[in-house]
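Reader: I am new to this structure and would like to go through it step by step. Please show it to me before I ask anything.

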Amino acid sequence: MQITVLAGGVGGARFVRGLLSHLATREAPEPTTVTVIGNTGDDITLVGLRVCPDLDTLLYTLGGGVDEDQGWGRAGESTRVADELGTLGVGPDWFTLGDLDLATHLARSRWLAQGLTLSEVTDRLAQRWGLPERGVRLLPATDTPIETHVVVDDDAGGERAIHFQEWWVRHGASLPARRFSVAGLGGATAAPHVLDAVRGADLVLLPPSNPVVSIGIILGVPGIREAVRGTRAPVVGVSPLLGGRPVRGHADACLAPLGVEVSAAGVAGIYADFLDGWLVDDADADARYPAGVRVRSLDLLMRDGAGAARLAGAALDLGQELAGTPVPAGRDRR
Ligand code: FO1
């Protein structure tokens, strides 16, 4: 079975880890490969190094090296280099690159400078983290460098754009976003194997990643949203909102500027042109959802690994249920 997942950082990585552990516990498992298409809009160049936070969060989480409390960065990390850079006044003080994490960025930057694509670099990092042995393929959404910027008010009545990471980390998404603009997205092309992984999937999953700045960016790469709309596979998503609030992160601050209702139903609405199934929390079971979307409610929280496996199992079950039923006539995306 071919499962393709469009994933952002922390929530997406935990969901995929849960998916892998759920798949490992099935009786008589059908051979299954999981292709994860990772968001690259968070990427940033710092102290001359290319940092890919969502790809690295997926690598560290699926490879067993992530700092569990943070959900990002390396376990057992130290910051001697970052501390000295601070003393030297080099690099922003609001974004800490740990010593082990720096090795990832140094290797990636070196390989990119040697002419490797981001996909080739990600393959090497995935090998280092043992992803192929776990039946996982990690693809960047695009090899074209893209960066999400957030347009906020300046202090002279105008507006200015800041990097997504500055908005997210330095300001905690507290500056009202007027809009998002993704540098390089219009000219980007899907990375190798990405479109095939969507078109050839038996199931496409959207974990509870940020629908605007994570999954929204992946879908914004020319050709990807069309591929999701056109796939024969059921498309099943997991709400990132519970009772009108993000389970983690700042999805609410991202939906407001789009005028989208901050709710599980609101997010289903922005996916409505391709969504077949939608997992929501029991608290949101009675809301109104787009026609043609099959909604199931459950305890949405991934409190631990077992919780993530349970949520992923529910998504798989909904996908199987949808695969077994004829597509309602008139679904606009078949
Ligand atoms: N998040 C923070 O809140 N503070 C940090 O200093 C920080 C550093 C950092 C370094 C590497 C990396 O891959 C991620 C890092 N993050 C940090 C998390 C990052 O902002 C998020 O993982 C995503 O970009 C948002 O989804």
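Reader: How are H4 and H5 oriented to each other: parallel, antiparallel, perpendicular or oblique?

Author: This is a predicted model, in which local features need pLDDT of at least 70 and side-chain atom pairs count only at pLDDT 80 or more, while totals for chains, interfaces and linings use all residues. Residues are numbered from 1 along each chain as its sequence is written, and side-chain values use heavy atoms, with hydrogens and water left out. Helix H4 (residues 99-113) packs against helix H5 (residues 118-128) at an angle of about 140 degrees, where angles under 35 degrees count as roughly parallel, over 145 as roughly antiparallel, 65 to 115 as roughly perpendicular and the rest as oblique. H4 and H5 are therefore oblique.

Reader: How far apart are the axes of H4 and H5?

Author: Helices and strands here are DSSP runs numbered from the N terminus (helices are H or I with at least four residues, strands are E with at least two). Axes are lines fitted to C-alpha atoms, for helices over the stretch in contact, and angles run from 0 to 180 degrees between N-to-C directions. For H4 and H5, the distance between the axes is 9 Å.

Reader: Is Arg-108 of helix H4 buried or exposed?

Author: Buried means under 20% relative accessible area, exposed over 50%, and partly exposed in between (1.4 Å probe, protein chains only). Arg-108 lies in helix H4. Because its relative accessible area is 1%, Arg-108 is buried.

Reader: What separates the C-alpha atoms of Arg-108 and Leu-49?

Author: Along the chain, Arg-108 and Leu-49 are 59 residues apart. In space, their C-alpha atoms are separated by 8.0 Å.

Reader: Which residues form a nonpolar patch on the surface with Val-47?

Author: Patches are made of residues with over 30% relative accessible area and no salt bridge; like charges are joined within 9 Å and nonpolar side chains (Val, Leu, Ile, Met, Phe, Trp, Tyr) within 5 Å. Val-47 has 37% relative accessibility, so it counts as partly exposed. The patch has about 240 Å² of accessible area together, and the partners of Val-47 in it are Leu-88 and Val-90.

Reader: What is the phi of Val-47, and where does this residue lie?

Author: Val-47 is in the loop between strand E3 (44-46) and strand E4 (49-51). Its phi is positive in a residue other than glycine, with a value near 40 degrees.

Reader: What is the phi of Ala-173?

Author: Ala-173 sits in the loop between helix H6 (164-170) and strand E8 (179-183). With a relative accessible area of 9%, Ala-173 is buried. Although Ala-173 is not a glycine, its phi is positive, at about 55 degrees.

Reader: How many salt bridges are there?

Author: Side chains of opposite charge can pair when their charged atoms come close. A salt bridge is a side-chain nitrogen of Lys or Arg within 4 Å of a carboxyl oxygen of Asp or Glu. By this rule the count is 14.

Reader: Which residue meets Glu-147 in a salt bridge?

Author: The N to O distance in this bridge is 2.8 Å, and the partner of Glu-147 is Arg-50. The pair links distant parts of the chain, 97 residues apart, with Glu-147 in strand E6 (residues 147-153) and its partner in strand E4. Both residues are buried, and the name asked for is Arg-50.

Reader: Which residues are joined with Arg-179 and Glu-159 into one network of salt bridges?

Author: Arg-179 and Glu-159 meet in a salt bridge of 2.6 Å, N to O. Arg-179 lies in strand E8 and Glu-159 in strand E7 (residues 159-163), so the pair ties together parts that are 20 residues apart in sequence. At 40% relative accessibility Arg-179 counts as partly exposed, and Glu-159 is partly exposed at 34%. Salt bridges that share partners join these two with Asp-153 and Arg-178.

Reader: How many residues of helix H2 are buried?

Author: Helix H2 (residues 53-62) is mostly covered. Its buried residues include Pro-53, Asp-54, Leu-58 and Tyr-60. Of the 10 residues of H2, the number buried is 10.

Reader: Which residue with a positive phi follows H2?

Author: The phi in question is near 80 degrees. The residue that follows H2 is Gly-64.

Note on methods:
Accessible areas come from the Shrake-Rupley method with a 1.4 Å probe; for residues, only the protein chains shown count as cover.
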